[in-house]
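Reader: I'm new to this structure and would like a close look at a single part of it. Could you pick one strand, walk me through it, and then show me what else is around?

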Amino acid sequence: MSRIGKLPVKLADKTKATVSGRQVSFEGPKGKMVVQLPAKGVKVTVAGGEVRVEREDESRESRSLHGLTRTLLANAAKGVSTGFERRLDIRGVGFRAEVKGKTVNLSLGYSHPVVFNLPEGVTAEVDKAARTEDGLPTLGLTLRSADKEALGAAAVKIRALRPPEPYKGKGIKYATEKIRRKEGKTGTA
């Protein structure tokens, strides 16, 4: 039995879940989400403020989908009740970010401004106070969403616009990410 799969997903207050066919719908204060279940292998029941995932049989495919399906349902339940947040740090002299509606305008040291369109359901916010670490100004960009998958994909795409470089640490990085720094040239003459 899967250790993750056998745990029930507890629903928070004001969060509702309904099963219709091969779809599980969640509704809460942060929005609505629909999780598509695999074609076969698992069945989902909702009772008493809990969502339970059970295997239909003991095949290899069913066992592999058991924990995955439970985790996807738990992420959807948490997303519609409290939401998810991902923080990015933009480090570099002259690097800026500004949120205008559904777009993020970035100045990342290129000869042109970079405009990133946020996906549906993802919001962004820029920290106004820039910190200074190692002599480089650091600006915070916080992404929020009820959908963990869309949030992660947006964060990856924004980070890929200017990945952090190992010499000075300039670029866009996750707030929890540690950059392995290189020493660089010594310049002996």
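Author: Here is a walk along one strand and its partners, followed by the cores and one lysine.

Keep in mind that this is a predicted model. Let's start with strand β3, which covers residues 23-28. Which of its side chains are buried, and which are not? They alternate as you go along: V24, F26 and G28 point to one face and are buried. Q23, S25 and E27 point to the other face, and these are not buried.

Now look at what sits beside β3. On one side of the pairing list is strand β2, residues 16-20, which runs antiparallel to β3 and is joined to it by 5 bridges. One pair to pick out is V19 with V24, its bridge partner in β3. So where does the chain turn? β2 and β3 form a hairpin with 2 residues between them, and in that turn G21 has a positive phi of about 70 degrees.

β3 also pairs with strand β4, residues 31-36, again in the antiparallel sense, this time over 6 bridges. Here S25 stands opposite V34 in β4. Another hairpin makes the link, taking the chain from β3 to β4 through 2 residues.

Next, the cores. The largest nonpolar core has 24 residues, and I90 and L143 have the most contacts inside it. The elements giving two or more residues to this core include the strands β7 (84-91), β9 (103-107) and β13 (136-145), along with helix α2 (148-160). The largest share, 5 residues, comes from α2.

Try clicking on L143. Leaving out residues up to four places away in sequence, L143 touches F84, E85, R86, L88, L118, V122, T123, A124, L151, A154, A155 and I158. There is also a second, separate core of 18 residues, with A17, L37, A74 and A76 among them. In soluble globular proteins, nonpolar side chains tend to be buried together.

Last stop: K43, in strand β5 (residues 42-47). Why is K43 called partly exposed? Because its relative accessible area is 41%, and partly exposed runs from 20% to 50%. K43 touches R52, V53, E54 and E56, not counting residues up to four places away in sequence. As for R60, it is 17 residues from K43 along the chain, and the C-alpha atoms of the two are separated by 15 Å.

Terms used
Residues numbered from 1 in each chain as written. Predicted model: local features only at pLDDT ≥ 70, side-chain atom pairs only at ≥ 80, totals over all residues. Heavy atoms only, no water. Core = buried A, V, L, I, M, F, W, Y, C linked by side-chain atoms within 4.5 Å. Buried < 20%, exposed > 50% of the residue type's maximum accessible area, 1.4 Å probe, protein only. Helix = DSSP H or I, 4+ residues; strand = E, 2+ residues; numbered from the N terminus. Contact = heavy atoms within 4.5 Å. Pairing = 2+ DSSP bridges.
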